[in-house]
Amino acid sequence: MERYFLGNNSGYGFFNLYENELKSTNKTVLLKGGSGTGKSSLLKKIAKKAKAMGLDYELWFCSGDPQSLDGIYLKDKKAAVVDATAPHASGVDIPVIKDVIFDLAQSLDESKLKGMRQDIEKYMKCKKQHFMRVYQHLKSALCHLYNQFEIEKQGVDEDKIRAYASSVARDLKPVTDKNRSLFARAICPAGESEYFDHLRGKKVVLVKGCAYAKKVFFDEISRLRKGLTLFLSPLDPKTCEGIACGDVAYVENAGHFANDSIVDLGVFGERFNKDDSIEEANNAIMQTAFAVERLNKAREAHMKVENIFVPAMDFSNNEKMLDKINEFIFE
């Protein structure tokens with residue numbers, strides 16, 4: 001079992017990896033339904049069944065609430081069940097045969113929601129406004145990150161870093177010809193959340209150096225070699241901050257895993273103004289912290305909507321849908 005994020009709050013707004021992931025599945029269940037309709041609870045029950053069956057699977061968590069699931073991918077079955085509501089909405093490729101939609105909102109008792117429309121619209125508008133400010137702060141943080149790149153670029157020997165990255169790429173032994181992109185880290189209401197499951201059982205190489213040097217290193221490897229798993233930066237999803245291939249992983253942060261070796265890109269030169277670089281990095285951190293504050297407020301508004309919908313749900317009907325979903329993906 002591995003944990004990832006397929007959607008992230010980034011400097012470009014909400015960044016979605018779901019479409020690319022679901023193209024390769026044999027079966028996909030798309031869950032519809034608003035806040036409080038039980039999508040995450042249903043996904044957790046599917047995960048429990050997969051674990052009991054001894055299947056290998058991935059859990060895809062929600063960047064808006066890391067305690068909630070946005071999806072599960074059953075590797076052995078090449079089947080996925082995902083929350084397909086905005087902002088991570090996904091379309092249907094091959095109806096019925098490959099993709100099936102289940103609308104959990106069908107379990108709502110309309111009579112229990114009478115007179116609540118005004119409150120629901122108020123909280124949803126409040127949530128939307130908070131997210132608008134979230135992405136304003138993250139866009140500012142991204143600008144500071146790119147200022148940092150420009151400062152560091154002046155004193156980094158890119159040619160030597162690319163030459164070294166080329167030698168690393170030659171030694172990698174991929175088993176497929178396609179790269180896969182994931183988030184192991186997300187910007188969440190509680191700050192940054194990160195999982196390190198992808199390092200289990202691998203030789204871990206810790207990559208050190210300034211931010212721009214690491215960007216050049218990972219970009220060059222991903223350009224030269226296919227068949228990699230790329231771990232993207234949540235703030236800047238166009239920047240890779242780690243790669244895994246076979247039994248080896250090159251990462252900026254090993255978390256609780258001990259690294260087997262270290263690559264220090266600083267040996268290739270860091271002759272830039274480090275005070276200016278640190279200032280830009282700190283500004284990016286500050287703007288991200290402001291975004292996190294707003295994410296918390298958005299989460300509070302979201303919970304108020306959930307508190308309205310949960311009492312109106314007939315969760316026994318969700319259990320009937322769960323039986324049909326299990327029959328579809330586990331057969």
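**Chat about salt bridges, a sheet and a core**

Colleague: Let's start with Arg200. Is that residue buried, partly exposed or exposed?

Modeller: In this predicted model, Arg200 is partly exposed, with a relative accessible area of 48%. The cut-off for exposed is over 50%, so 48% stays in the middle class.

Colleague: And which side chain does Arg200 meet in a salt bridge?

Modeller: Asp197, at 3.3 Å from N to O. Asp197 is buried, at a relative accessible area of 4%.

Colleague: Which residues do salt bridges with shared partners join into one network?

Modeller: Glu158, Arg162, Glu220 and Arg223. Take Glu158 and Arg162: their side chains meet at 3.0 Å, N to O. Both are in helix α4 (residues 158–171), four residues apart, which is about one turn of the helix.

Colleague: What about Glu220, which residue does that one bridge to?

Modeller: Glu220 forms a salt bridge with Arg162, with the closest N and O atoms 3.6 Å apart. This pair links distant parts of the chain, as Glu220 sits in helix α5 (residues 211–224), 58 residues from Arg162.

Colleague: How do those three do for accessibility?

Modeller: Glu158 is buried at 15%, and Glu220 counts as buried at 8%. Arg162 is partly exposed at 30%.

Colleague: How many salt bridges turn up in the whole structure?

Modeller: 19 of them.

Colleague: New topic, the sheet. In what order do the strands come?

Modeller: The order is β1-β5-β6-β7-β4-β8, six strands in an open sheet with mixed pairing.

Colleague: Why do β1 and β8 each have one side without a neighbour?

Modeller: They stand at the edges and have a single partner strand each, so one side is left free of a neighbour in the sheet. Further in, β4 (residues 27–32) and β7 (residues 79–83) pair in the parallel sense over five bridges, and Leu30 stands opposite Val82 in β7.

Colleague: Which strands does helix α7 touch?

Modeller: Helix α7 (residues 315–330) packs on the sheet and touches β4, β6, β7 and β8. Helix α2 (residues 39–52) lies across β4, β5, β6 and β7, at about 50° to β6.

Colleague: Last one: in the largest nonpolar core, which residues touch the most other members?

Modeller: Phe217, Tyr250 and Ile329, out of 94 residues. Helix α3 (residues 117–153) gives the largest share, eight residues. There's another core apart from that one, with seven residues, including Leu113 and Phe309.

Colleague: Why would nonpolar side chains gather like that?

Modeller: In soluble globular proteins, they tend to be buried together.

Definitions and conventions: Residues numbered from 1 in each chain as written. Predicted model: local features only at pLDDT ≥ 70, side-chain atom pairs only at ≥ 80, totals over all residues. Heavy atoms only, no water. Core = buried A, V, L, I, M, F, W, Y, C linked by side-chain atoms within 4.5 Å. Buried < 20%, exposed > 50% of the residue type's maximum accessible area, 1.4 Å probe, protein only. Helix = DSSP H or I, 4+ residues; strand = E, 2+ residues; numbered from the N terminus. Pairing = 2+ DSSP bridges. Contact = heavy atoms within 4.5 Å. Axes fitted to C-alpha atoms, helices over the stretch in contact; angles between N-to-C directions. Salt bridge = Lys/Arg side-chain N within 4 Å of Asp/Glu carboxyl O.
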